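Please look over the chain shown below before reading the notes on its interior, its backbone and its surface.

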Amino acid sequence: MTALHDAPPAATQRRPPAATQEGDRSGGSPVRRALAYLTLAVLAVLVLVPFAWMVSSALKRDNEVFAVPIQWIPRELRWSNFVEIWERIPLLTYLGNSAFLSVTITLLQLLTGSFAAYGFAKVRFPGRDALFVAYIATIAVPWQAYMVPQYIMMQKADLTNTYWAIILLQAFSAFGVFLMRQYYMSIPDDLCEAARIDGLSEYGIYWRVILPLSKPALASLALLTFVNTWNDYMGPFIYLTSNELWTVQLGLRSFVGQYDAEYAMMMTGAVLSVLPILVIFLLGQRYFIRGIATSGLK
């Protein structure tokens with residue numbers, strides 16, 4: 001009778017190659033990773049196509065902008081457009097006005113959003129969660145629904161044709177409160193309790209404990225608010241009538257006439273208006289990505 005051999009112990013069983021284990025940890029097979037990179041590259045190209053067309057149009061004549069087929073590289077690069085636009089409109093004034101509004105509103109939203117979020121996240125009071133839900137629900141209300149009442153309020157307060165109308169209406173943001181609160185929820189409550197035991201007030205905890213730990217979320221909110229304010233067209237269009245108060249978005253409207261439009265000049269101004277946002281994003285992208293990844297907006 002032939003003896004049956006026992007199965008080899010688990011310790012002597014054959015292990016998968018180290019390369020396979022390394023592939024599993026790094027996200028799958030090389031083919032799957034290559035397909036993922038290829039998909040991301042295609043999506044990146046699709047996102048960059050409008051910007052490439054904008055830059056190409058800024059270097060053309062007006063009658064070449066909408067030529068068919070599209071000439072991505074113009075036959076004659078008109079770099080003079082970037083010089084002529086400064087002579088045609090007070091672009092420096094418009095850029096300064098946009099920068100003033102964007103920086104002011106961004107700072108105010110950082111203050112109000114982070115302060116309100118601290119109350120909703122770290123301070124216990126009756127009806128806190130219900131009040132937070134009601135406040136966040138205002139995000140679902142379209143701006144067109146309360147645009148006219150807001151204008152009547154600013155008109156009665158004699159704030160139209162001033163920056164105060166835009167600043168006061170945009171100094172508070174339900175989205176900013178939501179973003180900051182989601183980040184604050186990831187900060188342990190033990191830190192706040194320890195600070196209270198040490199004698200810090202709620203204002204001291206907010207200023208000396210919470211804010212220093214909130215740089216990624218603050219950077220994310222600052223970038224989103226700055227971009228949104230910089231690109232805002234309807235707000236300045238409704239409340240600002242004096243040319244010296246116009247933002248760059250309103251200033252580019254000067255190239256739109258009753259019967260025609262100078263699209264090459266508009267694209268040139270658009271390229272120049274995108275540069276400040278691009279610089280700010282490149283400087284703060286590390287904090288921006290960390291803030292989005294840790295604030296519940298994955």
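The briefing below takes up confidence, the nonpolar cores, unusual backbone geometry and a surface patch.

This is a predicted model, in which local features need pLDDT of at least 70 and side-chain atom pairs count only at pLDDT 80 or more, while totals for chains, interfaces and linings use all residues. Residues are numbered from 1 along each chain as its sequence is written, and side-chain values use heavy atoms, with hydrogens and water left out.

**Confidence**
- The average pLDDT (the predictor's confidence in each residue, from 0 to 100) is 85 for the chain, and 86% of the residues score at least 70.
- Over residues 1–5 the pLDDT stays under 50, and the model has 0 contacts (heavy atoms within 4.5 Å) beyond four places in sequence for them.

**Nonpolar cores**
- The largest nonpolar core (a set of buried Ala, Val, Leu, Ile, Met, Phe, Trp, Tyr and Cys residues joined through side-chain atoms within 4.5 Å) has 34 residues, of which I85 and L91 touch the most other members; buried here means under 20% relative accessible area, exposed over 50%, and partly exposed in between, with a 1.4 Å probe and protein chains only.
- Several helices (DSSP runs of H or I, at least four residues, numbered from the N terminus) each supply at least two residues of this core, including helix 2 (30–58), helix 4 (91–122) and helix 14 (263–293), and helix 14 gives the largest share, 6 residues.
- Apart from its neighbours within four places in sequence, I85 is in contact with L91, F255, M265, T268, G269 and L272.
- A second, separate core holds 24 residues, among them F132, V177, I187 and L218.

**Backbone geometry**
- V68 and P69 are joined by a cis peptide bond with omega about 0°, and P69 sits in the loop between helix 2 and helix 3.
- D158, in the loop between helix 6 (143–156) and helix 7, has a positive phi near 60° although it is not glycine, and it counts as exposed because its relative accessibility is 63%.
- N161 lies in the loop between helix 6 and helix 7 and also has a positive phi near 60° as a residue other than glycine, but N161 counts as partly exposed, at 25% relative accessibility.

**Surface**
- V31, L35, Y37, L38, L40, V42, L43 and L46 form a nonpolar patch on the surface that has about 850 Å² of accessible area together; accessible areas come from the Shrake-Rupley method with a 1.4 Å probe, and for residues only the protein chains shown count as cover.
- Patches are made of residues with over 30% relative accessible area and no salt bridge, like charges being joined within 9 Å and nonpolar side chains (Val, Leu, Ile, Met, Phe, Trp, Tyr) within 5 Å, where a salt bridge is a side-chain nitrogen of Lys or Arg within 4 Å of a carboxyl oxygen of Asp or Glu.
- V42, a patch member placed in helix 2, counts as partly exposed at 44% relative accessibility.
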